[in-house]
Amino acid sequence: MSHLVAAAVIVAGVAAGSVAFLAATPVVAAGASVAAATPVAAATPVAAAATGWSISAEFPAPVGGLAAVSCASAADCVAVGTGPSNYGPAILTTSDGGATWVNRAAPQGVYGLTGISCSSTSDCVAVGYNMGGPSYAITGPAILTTTDGGATWTSVGIRNAGIPLNVGELAGVSCPSTMTCVAIGLTVVGMNNYDPVILTTNNGGTTWTSQTVPAGAGQLGGVSCPSTTDCVAVGTSSANSGIIVTTADGGATWATGTVPSGATGLFGVSCPSTTDCVAVGWGTLPSAAGTVFTTTDGGTTWVSEALPGGIAPYTVSCASSSDCVVVGSTGTFASAGVIFTTTNGGATWATGTVPSGVTGLSGIFCSSTTDCVAVGTGSANSGVILTTTNGGATWVDRTVPSGMGTLNGISCPTSTDCVAVGTGSPLSSGAVFTTTDGGTTWVSEALPGGVSALSAVSCASSSDCVAVGTSGVYPSVAGAVFTTADGGATWATGTVPSGVTGLSGISCASSTDCVAVGTGSADSGVILTTTNGGATWVDRTVPSGVTGLSGISCPSSTDCVAVGTSSANSGVILTTTNGGATWADRTVPSGVGDLTGISCSSTTDCVAVGSGATFVGPAILTTTDGGATWAEANLSNLGSSLAGLAALSGVSCASSADCVAVGTVDWALTLDPDTAAILTTTDGGSVWVSQAAPSQASYVGLHGVACPASTACVAVGGGYAGGVILRGTIPPSTIALTAPAVAMASTPDGGGYWLADSAGDVAPRGDAGWFGSMTGKALNAPITHLIATPDGKGYWLVAKDGGVFSFGDAHFYGSMGAKTLNAPVVSMAPTPDGKGYWLVAKDGGIFSFGDAVYHGSMGGKPLNEPVVGMATDATTGGYWLVAADGGIFSFDAPFHGSTGSLTLNRPVVGMTVAPGDTGYRLVAADGGIFSFGAPFYGSMGGTTLNAPVVGMAADPVTGGYWMVAADGGVFSFHAPFYGAGG
């Protein structure tokens with residue numbers, strides 16, 4: 001395909017939408033061969049990519065109620081449920097038949113698990129739900145998969161084509177093979193209105209398909225698949241009666257079975273064969289007596305069987321056509337767990353003896369006619385596990401492992417040594433974790449008895465640390481101090497003066513001199529000092545009006561700053577210059593509601609963090625005179641990144657310029673599930689930038705942070721899934737491009753952009769997060785392009801040889817690195833969902849990776865000028881290529897125009913799509929802009945430039961655009977200027 005070149009000459013920068021045209025639209029057959037050769041295999045990146053923030057460790061939450069259990073063998077089982085008070089997920093595994101259990105970490109963001117099915121000792125699928133938002137409602141389904149017997153889990157998204165967007169909770173799942181599963185649940189169609197949903201997978205849970213549910217079904221509560229084709233699901237009809245649906249083709253089609261009257265709903269079903277099944281539920285209200293239905297013809301017809309009265313059965317498990325076990329509770333509202341067994345297919349039932357303290361049983365799995373595991377809830381709202389080896393005649397109450405509540409404090413005296421502290425099971429015990437390899441691995445350390453929670457820790461060296469918190473259970477609580485001289489391996493209990501109800505902050509300027517702060521019995525602030533490493537403490541006088549102190553920082557043995565709250569519910573700042581003997585109450589700027597964290601990099605420079613007035617929104621204060629005066633940081637530049645940011649809890653300053661603050665995005669204020677908040681500054685606190693937390697760190701609040709170096713930090717916190725530790729690589733104080741700039745990309749909120757140079761340096765500007773770069777790493781070929789992920793929490797760099805480097809949440813899907821190319825790679829474009837990308841070579845050859853679909857290319861076709869860039873059409877899923885003469889090649893994307901028939905002053909160097917996919921813009925090396933289907937806001941055409949323009953990016957908010965020159969200069973048109981690359 002060739003372009004007709006017109007004789008007319010136009011000045012680059014004219015709004016060319018009305019004058020430029022393509023003489024002939026390129027005709028390329030779909031799937032045409034690529035001259036540069038379709039990639040044979042994904043190549044490994046030339047060098048390992050650095051990252052921004054990543055999960056260092058996750059610690060499971062305590063176990064609340066257990067809802068379901070599945071056993072691939074008599075020895076190997078997995079139980080799932082929720083954490084304390086039904087908050088967060090719980091996953092337990094056993095490999096000894098239930099004698100001992102291990103509490104496993106679930107991916108962050110999952111709220112509760114209700115079903116589990118293990119097709120082998122290694123492969124399992126768990127289902128449940130997520131909750132959140134202002135209405136505290138179900139926000140979507142949860143599907144987790146494991147291929148290592150439950151040791152690690154992957155969260156699977158199901159928002160693919162054909163899945164209803166309003167799928168809420170998934171109640172059950174059955175996997176007759178490692179590849180085939182059927183999950184059932186409900187869709188939310190309004191307040192207290194639900195429709196049933198059936199999802200199927202044929203690839204082990206990677207992708208799911210929604211199936212049509214027969215009319216009349218209201219909700220589905222249980223499913224059993226004795227084969228890959230045959231399944232039975234039970235639930236409640238829209239008329240509030242029991243309903244049973246069956247399939248004989250793997251879930252593609254479902255039929256309604258005939259159900260005897262007398263059931264208001266069915267909750268569980270078990271099919272030991274393709275013909276024999278048992279379903280259980282509740283009878284007619286108000287008695288709601290237990291109901292059992294059996295079938296011997298695969299669910300076509302059912303017979304009603306009798307259960308002892310006064311029970312509410314939840315589910316059933318049948319190891320054979322004759323041997324089944326039903327579990328539930330007494331009465332409509334659970335008061336005691338019940339177990340019934342049958343050895344004649346449900347004709348008669350025997351009552352099993354349940355250990356005391358069990359309030360309800362909701363899950364049962366029998367791997368044989370003798371071996372079963374039952375799970376539920378105990379009187380203390382904690383998980384219960386019962387096992388039997390004699391078919392249910394007798395049961396053994398097994399120990400449920402404890403878990404982690406949250407991590408509250410962290411101290412890193414070196415870049416390799418850190419100590420993190422927190423809370424174990426609620427009001428149970430403190431927790432200590434140590435690392436000596438910079439956070440790659442963590443070790444749980446033992447504490448003396450009596451401590452209920454640890455709030456903070458300070459380490460003057462790799463061996464000497466002091467941790468503070470609370471001992472006892474409310475109302476009999478007291479402050480607690482623990483010291484270690486061996487890096488946390490062993491701890492000694494310190495003596496705390498009477499009247500201290502809790503300690504929340506500690507700072508040790510040396511191995512002997514420390515100051516601890518907290519709260520006293522009269523709702524007053526407490527300050528304790530020690531000069532012997534914590535063996536004994538002196539209670540110091542606190543200025544009046546201080547109701548509690550939360551944080552303390554001592555840059556020297558004499559100088560300290562403490563922060564907290566006053567009786568007027570405003571922030572408090574106290575300073576001392578004599579080691580804590582006396583304290584001065586400093587003036588806090590108005591509008592500050594509470595201060596919780598403080599870090600002093602020197603005796604003059606400190607940063608304090610907390611919340612605004614009425615304890616809503618973040619507050620950051622800075623001082624450069626040792627705390628005598630304080631200025632409140634202006635956070636308005638954060639824009640949308642500030643939305644929902646409830647408070648900041650901790651801060652760490654590695655230098656007077658470089659600080660990191662952490663906190664929580666409150667789900668009650670925003671629907672954004674990423675609730676870990678991270679802010680950084682490189683100028684001492686004047687300007688703060690929001691950094692992206694790992695995408696899997698959902699429903700996580702961060703409570704503490706330690707930065708032993710300006711570019712490395714460790715943050716701790718927790719959420720519904722338990723404690724979490726994040727490691728972060730922080731951008732240097734000044735990030736400048738060291739080589740010629742080659743590309744730029746904008747953030748999805750329009751609050752910033754990234755600049756990249758040929759050496760792989762990445763310079764974020766505005767609210768663009770820094771996730772790493774190729775700075776200082778050897779490259780086989782220079783970088784040619786940078787693109788951001790759709791959520792702005794990562795980016796890719798692509799090199800001239802087709803090597804791809806992934807940062808942040810940008811996944812590596814393959815590259816052309818180390819392969820022979822007909823022409824160098826010049827650009828890259830992501831798929832709309834960010835789960836794939838295309839590379840384009842100078843000859844127009846296209847290389848597809850991940851979920852990127854090949855729509856055609858110009859490879860092997862004559863071109864007037866080489867291809868210089870490409871862009872994705874999010875609406876069609878196709879793409880455009882642009883040549884140096886401005887010729888546009890459309891592949892399953894609409895053609896809006898081009899400059900392919902015009903003579904240009906300077907060649908086109910790139911293109912970008914206008915917001916809303918209404919059109920595109922081309923940019924020339926002299927800064928000329930050509931707009932097609934998009935507004936023209938100006939250009940640098942006709943202006944003398946110090947260096948040629950090399951790329952551009954669109955502002956998705958204003959509709960304007962930026963362009964970047966090879967010297968890093970940035971030109972803004974109808975878009976905010978956030979800085980250049982120098």
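Let's start with a single side chain: Tyr937 is partly exposed, with a relative accessible area of 32%. This is a predicted model, and Tyr937 makes a handy way into it. The ring of Tyr937 forms an aromatic pair with Tyr961, at 6.2 Å centre to centre and with 40° between the planes, which makes the pair tilted. Tyr937 sits in the loop between strand S71 (929-932) and strand S72 (949-954), while Tyr961 belongs to strand S73, so the pair ties together parts that are 24 residues apart in sequence. And the partner? Tyr961 counts as buried, because its relative accessibility is 0%, and the cut-off for buried is under 20%.

Now zoom out. The protein chain has 74 strands and zero helices. Of its 982 residues, 58% count as buried. The chain exposes about 34,000 Å², with carbon and sulfur atoms supplying 53% of that. As for how the contacts are spread, take those with a separation of 6 or more: residues 24 or more positions apart account for 47% of them.

Next, the interior. In soluble globular proteins, nonpolar side chains tend to be buried together. Here the largest nonpolar core has 31 residues, and the members touching the most others are Met744, Trp754, Leu755, Leu786, Tyr795 and Leu797. Several strands give two or more residues to this core, including S58 (752-757), S60 (783-788), S61 (794-799) and S73 (961-965). The largest share, five residues, comes from S57. For a closer look, pick Leu755: leaving aside residues up to four places away in sequence, Leu755 touches Met744, Val762, Val964 and Ala980, among others. Apart from this core lies another one, of 16 residues, with Val609, Leu638, Cys653 and Ala661 among them.

Back to the aromatics. A search of the whole structure finds 18 aromatic pairs. There is also an aromatic cluster formed by Trp796, Tyr813, Tyr837 and Phe849.

Finally, a small piece of sheet architecture. Strands of a sheet pair through backbone hydrogen bonds, either parallel or antiparallel. One open sheet of three strands runs in the order S63-S64-S65, with antiparallel pairing. Its edge strands, S63 (825-830) and S65 (846-850), each pair on one side only. From one strand to the next, the twist averages 20°. Strand S64 (residues 836-841) pairs with S65 over five bridges, in the antiparallel sense. If you want to find that register on screen, look for Leu839, whose bridge partner in S65 is Phe847.

Note on methods. Residues numbered from 1 in each chain as written. Predicted model: local features only at pLDDT ≥ 70, side-chain atom pairs only at ≥ 80, totals over all residues. Heavy atoms only, no water. Core = buried A, V, L, I, M, F, W, Y, C linked by side-chain atoms within 4.5 Å. Buried < 20%, exposed > 50% of the residue type's maximum accessible area, 1.4 Å probe, protein only. Helix = DSSP H or I, 4+ residues; strand = E, 2+ residues; numbered from the N terminus. Contact = heavy atoms within 4.5 Å. Areas by Shrake-Rupley, 256 points an atom, 1.4 Å probe, with all protein chains shown as cover. Phe/Tyr/Trp six-rings, centres within 6.5 Å; stacked < 30°, edge-to-face > 60°. Pairing = 2+ DSSP bridges. Axes fitted to C-alpha atoms, helices over the stretch in contact; angles between N-to-C directions.
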